[in-house]
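Colleague: Could you take a close look at one part of this model for me, namely its cysteines, and then set that part in context? I would like a careful, connected account.

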Amino acid sequence: MTFADPLLTRRHHTSPPALTLWDEVTLPLARVHEICGRARRTLALRIAAAAGRPVFWIAPAWGTDPLNPDGVAALCPPQDITFVTPHRTEDLLWCMEEILRSGAVPVVVADLPEPPAMTPVRRLHLAAERGAGEGRCRPLGLLLAPGAGGAPGIETRWRMEPDHAPGRDTWRLDRLRARMVPPRSWRLEDNRLTRAPDHQPA
């Protein structure tokens with residue numbers, strides 16, 4: 001009896017369930033993703049609006065740059081966001097892990113002062129997977145990191161920057177890292193994406 005190598009079979013491999021924002025912009029569910037850039041919160045709110053509510057938004061209690069409710073309202077109803085403000089750095093990711101594990105909400109955002117290490121990211125992935133199995137949804141974890149980000153082990157890394165012109169609100173969106181697709185860049189205007197020159201190295 002011979003056994004076919006699974007890598008050589010003609011059977012199609014199904015893609016994991018994912019949230020699609022635009023044709024080429026997808027985020028696998030029950031995984032943790034990183035967003036950096038000056039407009040990282042804007043992208044996180046767009047993702048939350050597409051994924052459904054409620055949303056849990058975790059940020060340090062000592063933060064000096066809270067979300068602007070007027071800006072939030074244009075993308076996601078503020079009443080659908082529950083804000084969690086831990087007083088200790090280590091509690092930021094602990095809160096995220098517990099919420100992901102519950103599978104109770106579709107999106108959990110952690111606005112971090114710096115990217116986390118590999119071990120906490122692995123724990124977050126495991127929590128999201130468990131939440132998908134035991135909760136009511138397949139939760140997305142979004143890590144918002146300053147600068148160019150750099151958390152190891154994340155599923156995807158995105159960067160969003162304002163690129164406005166007089167009378168026009170435009171943004172540059174870069175896919176910096178993904179497991180199955182190459183880096184790519186777009187220009188976003190009026191909720192439409194067009195290809196842009198490839199991103200500069202982060």
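Modeller: In this predicted model, a search of the whole structure turns up zero disulfides. For cysteine 137 the reason is distance, because its sulfur lies 15 Å from the closest cysteine sulfur, that of cysteine 76, and a disulfide would require the two sulfur atoms to be within 2.5 Å. Cysteine 137 is also buried, with a relative accessible area of 16%, a value that counts as buried because the cut-off is under 20%. Cysteine 36 is buried as well, its relative accessible area being 0%.

Turning to the helices, H3 covers residues 89–102 and H4 covers residues 118–134, and their axes come within 6 Å and cross at roughly 25°. The two helices are therefore roughly parallel, since angles under 35 degrees are counted that way. On the H3 side the contact is formed by Leu93, Met96, Glu97, Leu100, Arg101 and Ser102, while H4 contributes Pro120, Arg123, Leu124, Ala127, Ala128, Arg130 and Gly131. By character, the residues of this contact between H3 and H4 comprise seven nonpolar, two polar and four charged.

As to how far the model can be trusted, the mean pLDDT of the protein chain is 89, and 91% of its residues reach 70 or more. Residues 1–8 need separate treatment, as pLDDT stays under 50 over them and the model gives them two contacts beyond four places in sequence. Where pLDDT is low, the predicted coordinates should not be read in detail.

How values were computed:
Residues are numbered from 1 along each chain as its sequence is written. This is a predicted model: local features need pLDDT of at least 70, side-chain atom pairs count only at pLDDT 80 or more; totals for chains, interfaces and linings use all residues. Side-chain values use heavy atoms; hydrogens and water are left out. pLDDT is the predictor's confidence in each residue, from 0 to 100. Contact means heavy atoms within 4.5 Å. Buried means under 20% relative accessible area, exposed over 50%, partly exposed in between (1.4 Å probe, protein chains only). Axes are lines fitted to C-alpha atoms, for helices over the stretch in contact, and angles run from 0 to 180 degrees between N-to-C directions. Helices (H or I, at least four residues) and strands (E, at least two) are DSSP runs, numbered from the N terminus. Angles under 35 degrees count as roughly parallel, over 145 as roughly antiparallel, 65 to 115 as roughly perpendicular and the rest as oblique. Ala, Val, Leu, Ile, Met, Phe, Trp, Tyr, Cys and Pro count as nonpolar, Asp, Glu, Lys and Arg as charged, and the others, Gly among them, as polar.
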